[in-house]
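Trainee: Got a minute to go through this one with me?
Mentor: Sure, put it on the screen.

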Amino acid sequence: MNKINIAIDGPAAAGKSTISKRVAEQLNYIYIDTGAMYRAVTLLYIENGKDIINNLGNVEISFKRQDSNRVFLNDRDVTDEIRSQAVTANVSEVSSFEEVRNYLVAMQQKIGLEKGVVMDGRDIGTTVLPDAELKIFMQASPRVRAERRLLEEKARGNNIDLDKLTSQIIRRDELDMSREISPLVQADDAVLLDTTELSIEDVEAHILYLAKQKIGVE
């Protein structure tokens with residue numbers, strides 16, 4: 001069976017990671033959470049200061065599946081730490097640094113060479129995997145995305161105001177869309193998928209249908 005690369009882009013809390021994991025599992029593909037990679041570098045930035053940006057050559061980020069998908073930073077499990085509010089507040093800024101983007105994009109492109117990858121982020125279809133056979137741009141209203149993120153935060157034991165979370169997401173969108181390097185934008189050949197009123201199952205089924213068309217199976 002031919003393998004393809006699937007690029008799933010979109011703003012924060014659009015459901016990209018959830019859907020990408022499910023699609024990858026159904027196709028037996030590798031799932032790469034690029035957002036987690038930027039969060040891992042952001043955690044380093046918070047802990048060590050800006051000097052770390054000029055020393056990324058010694059930074060290794062890997063994904064391992066144990067009881068769940070885990071993110072490792074230089075053999076340190078940072079899966080939970082990278083979801084902290086401090087990391088969330090700084091990830092857009094750190095992601096805008098040219099050194100960070102160049103380093104991580106090169107790492108992501110290397111992963112995609114062998115095909116059979118589902119990769120989600122902000123610039124996968126435009127910058128990281130511009131030749132991906134299937135590109136999806138997921139979006140949803142800021143309020144709906146805030147409600148989804150609120151459920152995630154509550155599950156982690158965090159109590160955040162919904163209005164504040166909505167404002168943070170809108171601000172994150174503004175930063176991601178206005179940055180000079182690889183801004184958040186829909187690729188010309190991407191399929192636009194608004195998930196505001198769709199269930200996870202509906203979105204998964206639609207992307208799998210499109211993927212199987214590209215792969216050439218029913």
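**Pocket and helix packing**

Mentor: The second largest pocket has a volume of about 310 Å³. Keep in mind that this is a predicted model.

Trainee: Which residues are closest to the centre of that pocket?
Mentor: Thr 88, Ala 89, Gln 168, Ile 169 and Arg 172, out of 17 lining residues.

Trainee: Which helix gives the largest share of the lining?
Mentor: Helix 7, with 7 residues. Helix 3 (85-95), helix 6 and helix 7 each supply at least two.

Trainee: What's the class split of that lining?
Mentor: 6 nonpolar, 5 polar and 6 charged residues.

Trainee: Back to helix 6 and helix 7. At what angle do they cross?
Mentor: Roughly 120 degrees, and the axes come within 9 Å. The crossing is right-handed. Helix 6 brings residues including Pro 142, Arg 145 and Leu 150 to the contact. From helix 7, Leu 162, Ile 169 and Asp 173 are among them.

Trainee: How many charged residues are in that contact?
Mentor: 6, alongside 7 nonpolar and 1 polar.

Trainee: New topic. How do helix 2 and helix 4 pack?
Mentor: Helix 2 (residues 34-48) meets helix 4 (residues 98-112) at about 140 degrees, with the axes 11 Å apart. Helix 2 is therefore oblique to helix 4.

Trainee: Why oblique rather than roughly antiparallel?
Mentor: Because roughly antiparallel needs an angle over 145 degrees.

Trainee: Which residues of helix 2 meet helix 4?
Mentor: Thr 34, Met 37, Tyr 38 and Val 41. Their partners in helix 4 include Val 100, Arg 101 and Leu 104. By class, the contact has 7 nonpolar, 2 polar and 1 charged.

How values were computed
Residues numbered from 1 in each chain as written. Predicted model: local features only at pLDDT ≥ 70, side-chain atom pairs only at ≥ 80, totals over all residues. Heavy atoms only, no water. Axes fitted to C-alpha atoms, helices over the stretch in contact; angles between N-to-C directions. Helix = DSSP H or I, 4+ residues; strand = E, 2+ residues; numbered from the N terminus. Left-handed = near helix turned anticlockwise from the far one by under 90°. Contact = heavy atoms within 4.5 Å. Nonpolar A, V, L, I, M, F, W, Y, C, P; charged D, E, K, R; others polar. Parallel < 35°, antiparallel > 145°, perpendicular 65-115°, else oblique. 1 Å grid on protein atoms, 1.4 Å probe; cavity = no way out; pocket = protein on both sides within 12 Å on 5 of 7 lines; lining within 4 Å. Points joined across faces, edges and corners; volume = space filled by probe spheres on them.
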